[in-house]
2 protein chains.
Amino acid sequence: MPATIRDVARASGVHISTVSRTFSAPHLVNPETRVRVLACAEDLGYRPNRAARALITGRTHNIGLIVADIANPFFPPLIKAAEGQARHRDYHVFVADTNEDPVAEEELVHALAKQVDGVLLCSPRMSNSLIEQVSREVPVVVINRQVTGLPCVMMDVGQGARLAVEHLLALGHRRIALLGGPRGSWTNREMRRAAGAATRAGGADLTVLGPNPPTETGGGAAAEQVRRSGVTAVLAYNDLQAIGLIEGLDALGLRVPADVSVVGVDDIALSRLTRPKLTTVATPTAAAGRTAVDMLLQHDSEGPRGARGRSAAAGDRRTTAQVMLQTELVVRDSTGPVPPSGRDAPGA
Amino acid sequence: MPATIRDVARASGVHISTVSRTFSAPHLVNPETRVRVLACAEDLGYRPNRAARALITGRTHNIGLIVADIANPFFPPLIKAAEGQARHRDYHVFVADTNEDPVAEEELVHALAKQVDGVLLCSPRMSNSLIEQVSREVPVVVINRQVTGLPCVMMDVGQGARLAVEHLLALGHRRIALLGGPRGSWTNREMRRAAGAATRAGGADLTVLGPNPPTETGGGAAAEQVRRSGVTAVLAYNDLQAIGLIEGLDALGLRVPADVSVVGVDDIALSRLTRPKLTTVATPTAAAGRTAVDMLLQHDSEGPRGARGRSAAAGDRRTTAQVMLQTELVVRDSTGPVPPSGRDAPGA
DNA sequence: CCCGGAGCTGCAAAGGTTTGCAGCGAAGTA
DNA sequence: TACTTCGCTGCAAACCTTTGCAGCTCCGGG
């Protein structure tokens, strides 16, 4: 029932190949012919069949975006940015949610591989070697993780953690905890490394707690542990955890920031809405989404993926750039000077 | 380079049609042959080409999901549920974000129509007639809106609004405001109708304010208006607005719930994290996503869409069910008894 | 012994589009 | 005038899979 290229050809008195060219290579057809064809196409409500096009060109004009948990408010701005950028280049985005499960992640990426031109792996939980294997099957850009040999866009959470720790040191804190994130998270390792270095440099003490789920519940559940550890400040894996932790501490009778200071990471919209407003490390989430799409689509004139077309000898300069986006510290109300009494010295 | 059905056929010594059947109609092929074919396919890493399959069957095994704003925390749980349900039935989901723009919405649905088997229109902002037109091009299930003749899944916000108003009446409030949502929102109209009826029935007064954007900013911006209106309780269009409003009122020196009571709608995760915790109308978001997918895929054995296949005379029983999901009131801390001094009588 | 059916497999057309190649006329060059 | 070039168009193969039909073998019944 839907109009095909053939119907348009018949209606406008030209060959189907001319109609095809009208859409995919307009400069090759006579302007007069072109307007006629376009008019007929419009009339008949013709829309190119993407399956047929994909079949022959080998390119679907779709990209896959795999995230750990779409309900985590960190991701939607990234998804939104990626989607906008993709649409802008005439691509569409498949979003898939792995529920923080590495196995689901692998299955999904395979299921998607056949029907997209590339995949954005966002905060992947699977191993580097698995990612490399996947990248041989389909072009991949990794977000929030460093994998050598693959294009990556990262946010400098190391720097962010350092800034956060320095902020806490300046407020007089000497016993600081790092709330660990999920196992397998690159961000987690980076934060730990940087926070460790920064505390050492400041002559302070870093206690690492975790791993914990990157959720509000995960943060809340760690409250008791935090209390017992006797620290006066906590750097959480992300804002959600930080918010949950504040709730949890509150239930334990510890006030933020009077008794304990808390810093989050991500600067999700929510962090401005809680009381106290959250001091946090802002990550350029939207920029990351846009950049990743650009990197993936950089070579989209290269012709069919894995096709028997003329070799890509010249086009094979996949630069595999690795981009590190800067973060910054946003100081709000959840951090304050170390409590004078020093709750770490019960008798003092 | 990727293995095709032909390679598998050659490797296993059968005709391509047998390979095809091994995957799409296994019961038609001899068990021995089947295992041999499957083994070869596995060996060669064969994966069916979805474009080719789509070309001939007319079904892509993809569905589109169009939402107003993916960054609105109302949507992710719905998306997640829809995606899971779809995956469960071997479908994938395209998510598209319209930025609350009816024009973008229409463009998107058309762009998507050709490459999906159906579209979920979630909280659409476009007109009913446009939706009907779209539904002639591609199967549609509408979420959060009632369109006669089309399958819809709605959440009973009317009932929710009534419950909320009755709750406020029971607390002694007599001057109540309804914060309107975006123009074109069905939810908005339903709430207005139900809230109006409930206040009238309770001998109280309803002031309608708006329209306002369904965001935190939208709520915050309405704070001044709320103060001037002299009401003691507000029913917001959604939780985001409610939270923004609470912030805004706070900035104006009005405390919630001591001076003004506020009720939201949606029960997003966030509403449990703010202070005060939000009293709100809980909507069954995930259930809506699952139900919508089921309704869309109900007839997925019907054969090619818009094809010249045997007529769907018998299969044409698209029941076009309209499902109304129940809502419930969750009372938390943002509502309380009407202030004794009655701030509506400045001198009293 | 013949016929019919069941179970399985092969054959070939079809689906809508892209694209290298060839053909055509007109314009430009020698 | 003859030859080349250029701009445009038509031709037909190719992409990979599905599916109606026909054919084959094997078995059981009459």
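A polar contact is taken here as a pair of N or O atoms within 3.5 Å; within protein, one atom must be able to donate a hydrogen and the other to accept it, and residues adjacent in sequence count only if both atoms are side-chain atoms. The structure is a predicted model, in which local features need pLDDT of at least 70 and side-chain atom pairs count only at pLDDT 80 or more, while totals for chains, interfaces and linings use all residues. Residues are numbered from 1 along each chain as its sequence is written, chains are lettered from A and ligands numbered from 1 in the order in which they are written, and side-chain values use heavy atoms, with hydrogens and water left out.

Contacts to DNA strand D were examined on this basis. A backbone N or O atom of A:N30 lies 3.0 Å from a phosphate oxygen of this strand. From chain B, a polar backbone atom of B:I5 is 2.5 Å from a phosphate oxygen of DNA strand D, and an N or O atom in the side chain of B:S20 is 2.6 Å from a phosphate oxygen of the strand. Two or more residues of the surface near DNA strand D are given by each of α2, α3 (31-44) and α4 of chain A and α1 (5-12), α2 and α4 of chain B, where helices (H or I, at least four residues) and strands (E, at least two) are DSSP runs numbered from the N terminus. A residue counts as near a strand if one of its heavy atoms lies within 4 Å of it. There are 27 residues around DNA strand D, of which A:T33, B:I5, B:S20, B:Y46 and B:R53 come nearest. Sugar or phosphate contributes 62% of the atoms of DNA strand D within 4 Å of the protein, and bases the rest.

Around DNA strand C there are 28 residues, and A:I5, A:S20, A:Y46, A:R53 and B:T33 come nearest. Of the atoms of this strand that come within 4 Å of the protein, 59% belong to sugar and phosphate. A backbone N or O atom of A:I5 and a polar side-chain atom of A:S20 each lie 2.5 Å from a phosphate oxygen of DNA strand C. A base nitrogen of DNA strand C, by contrast, lies 3.4 Å from a polar side-chain atom of B:S17. The helix α4(A) gives the most to the surface near DNA strand C, namely five residues.

The protein interior was considered next. The largest nonpolar core (buried Ala, Val, Leu, Ile, Met, Phe, Trp, Tyr and Cys residues joined through side-chain atoms within 4.5 Å) has 100 residues, and B:L65 is among those with the most contacts inside it. Apart from this core lies another of 80 residues, which include A:F94, A:L112, A:L178 and B:M126.

In chain B, B:T279 lies in strand β10 (residues 279-282). This residue is buried (under 20% relative accessible area; exposed is over 50%, partly exposed in between; 1.4 Å probe, protein chains only), with a relative accessible area of 0%. A polar atom of the side chain of B:T279 lies 2.9 Å from the backbone nitrogen of B:R332. Leaving aside neighbours within four places in sequence, B:T279 is in contact (heavy atoms within 4.5 Å) with residues including B:H167, B:V262, B:L329 and B:D333.

The domain assignment, automatic or from a database, gives chain A domain 1 (5-48), domain 2 (60-155 + 284-299 + 318-325) and domain 3 (157-283). The centres of domain 2 and domain 3 of chain A, taken over C-alpha atoms, are separated by 27 Å. Their contact takes 13 residues from domain 2 of chain A and 16 residues from domain 3 of chain A.
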